Amino acid sequence: MKTYKYITIIVVIFTSLLFVQCSDDDDNGNVLGEVTCDDGIKNGDETGIDCGGSACEPCAVEALDFSGNFQQEDQMGRPGINTVFGTTGMKDAFNVTIPSEMGAAFQSSFESNLMALNPDYTTNLLGLDATVFTTVLASDALWVAETGVTTYYNGTEVLTGRNLTDDVIDVSLILIFGGPDGSEKPTLTSDFVSSNDATFSTSFPYVASPF
Amino acid sequence: MKKTKFLAAIGGLGLAALSVFLIAADHIDAPAVAGTSTDITDFYAFQGENPDNLVFVANVQGLLAPGQPTEQAIFDENVLVEFNIDKTNDLVEDELIQAIKRNDSMYFFMPTTNSQTGLTSTINAATQIGVVKISTTTDVQTSTNDDGFKFFAGPREDPFFFDFVQYGEILAGNAPGGFNNPGSDTFAGTNVLSIVVEVPKSKLGSPTPGANPLNPSARLYNAWVEAKRKQ
């Protein structure tokens, strides 16, 4: 039934076009074959419908689709926080908790994990006891200085950013195992890997070419 | 050679230790994201070559094998990576830079007023601030916008370094002597996918003091990165 309607419409259109052509004695006899930029079809050397090619305006770039809702699956501020202090069954939850709610949700379990890693922990090089230290770490955001040196730790400045070259593992190990002056448990306060295996650029994009 | 050593190390540790072995920094840090395209491996934030700028680096999909064609290292068009910057010490982001792949390029957005402070995000296409063609090993592409932002996306060498094998041995109780000297970088020779944005500090605005209880007068941004998947 629909097919009949469709055919009828086409027939009507063609009939009317023929009528136009036949009734117009002044044209050049080529109305049906003329290529224009507003005829609603892709013809001539057009690259799209009525666009592109030698005669028409360029075709618009196809609009990109950025729609939809995006749901959080992973989160990271400081290096190794979830890896070291997250407990089995809580690591996924940590990744889908917003930082403003992390402290209340995870500080006590972080403290338990710290004491399990180093039962001798009293305080560390920053002078932080177990509760204060894990309170700082549980809210997983990286501090970044507005001005001046940015570094995880460079011997003077501490926790003002993170450079590609920073030995964040040794910093973490010292703060966990090194005691108040960093000298305790010396076999656990450095992994003796002090630099990356590729050289970074001093210019954008800074990270090194892939292997 | 490095790959062989890497795989031998994994074999030596045994399957039970594998999940412990492969996590460090934030690489494969939790069961739900391990090995997926939303797995953030690392986050860096530092002053740029131009001291008026800050640089943010998010790495995803770690431990890409050495020598593997980087064409196999592909950003996921369903994964939105977000750089969050809090300036008021409430750990709620005040500035947000979003990055997502479309076709051969990475698109960047920076909503002027951030109403997306939770676990779900959308993209307002009108807030686009930049785009850069995704680089390959041989075709390195960067872009700069009128405000002085710089953009990069593509496979890079994993900047993380750690003797994670030995750390695993220590945790397993197999290494009473602690770390070896010298250690062995477990991440040597592996690649990641990097997204790098350089931002003029003037476009972020100044943070209020108080983030660091040890240095309360310091003006510090609280920064973190999130990976979100299209539902």
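This report describes a predicted model with two chains, A and B, and how they touch.

## Basis of the model

Local features are given only where pLDDT is at least 70, and side-chain atom pairs count only at pLDDT 80 or more, while totals for chains, interfaces and linings use all residues. Residues are numbered from 1 along each chain as its sequence is written, chains are lettered from A in the order in which they are written, and side-chain values use heavy atoms, with hydrogens and water left out.

## Confidence

The term pLDDT stands for the predictor's confidence in each residue, from 0 to 100. Chain A has a mean pLDDT of 85, with 83% of its residues at 70 or more. For chain B the mean pLDDT is 85, and 82% of its residues reach 70 or more. In chain B, residues 1-23 have a pLDDT below 50, and this stretch has 27 contacts in the model beyond near neighbours in sequence; a contact means heavy atoms within 4.5 Å. For the complex, the predictor gives an ipTM of 0.87 and a pTM of 0.81.

Helices (H or I, at least four residues) and strands (E, at least two) are DSSP runs, numbered from the N terminus. Among the elements of chain A, β2(A) has the highest mean pLDDT, 97, and helix α1 (residues 2-23) of chain A has the lowest, 48. Residues 10-31 of chain A stay under 50 in pLDDT, and the model has four contacts for them beyond four places in sequence.

## The interface between chains A and B

The size of an interface is often given as the accessible area lost when the parts come together. Here the buried area between chain A and chain B is about 7300 Å², and carbon and sulfur atoms give 61% of that area. Buried area is the accessible area (1.4 Å probe) that two parts lose on being put together, summed over both. Chain A brings 74 residues to the contact and chain B brings 101 residues.

Between chain A and chain B there are 35 residue pairs in polar contact, both residues being at pLDDT 80 or more. A polar contact is a pair of N or O atoms within 3.5 Å; within protein, one must be able to donate a hydrogen and the other to accept it, and residues adjacent in sequence count only if both atoms are side-chain atoms. On the side of chain A that touches chain B, the elements that each supply at least two residues include β1 (70-76), α4 (99-117) and α6 (168-177) of chain A. The largest share of that side, seven residues, comes from β1(A). The residues of that side are 34 nonpolar, 28 polar and 12 charged. In this division Ala, Val, Leu, Ile, Met, Phe, Trp, Tyr, Cys and Pro count as nonpolar, Asp, Glu, Lys and Arg as charged, and the others, Gly among them, as polar.

## Salt bridges

Side chains of opposite charge can pair when their charged atoms come close. A salt bridge is a side-chain nitrogen of Lys or Arg within 4 Å of a carboxyl oxygen of Asp or Glu. The structure holds 11 salt bridges over all chains, and two salt bridges are counted between chain A and chain B.

One salt bridge pairs Glu73(A) with Arg229(B), with the closest N and O atoms 3.1 Å apart. Another pairs Asp42(B) with Arg162(A), with the closest N and O atoms 2.6 Å apart. Asp42(B) lies in strand β1 (residues 40-47) of chain B and Arg162(A) in the loop between β2 and α6 of chain A, so this pair joins two chains.

## Strand pairing

Two strands pair if DSSP finds at least two bridges between them. Strand β1(A) is joined by six bridges to strand β11 (residues 220-230) of chain B, and the two run antiparallel. In this pairing Phe70(A) stands opposite Lys230(B).

Within chain B, five strands form an open sheet in the order β1-β2-β10-β9-β8, with antiparallel pairing. The edge strands are β1 and β8 (143-144) of chain B, each pairing on one side only. Strand β2 (residues 53-64) of chain B pairs with β10(B) over nine bridges in the antiparallel sense, and Leu64(B) has Asn191(B) as its bridge partner in β10(B).
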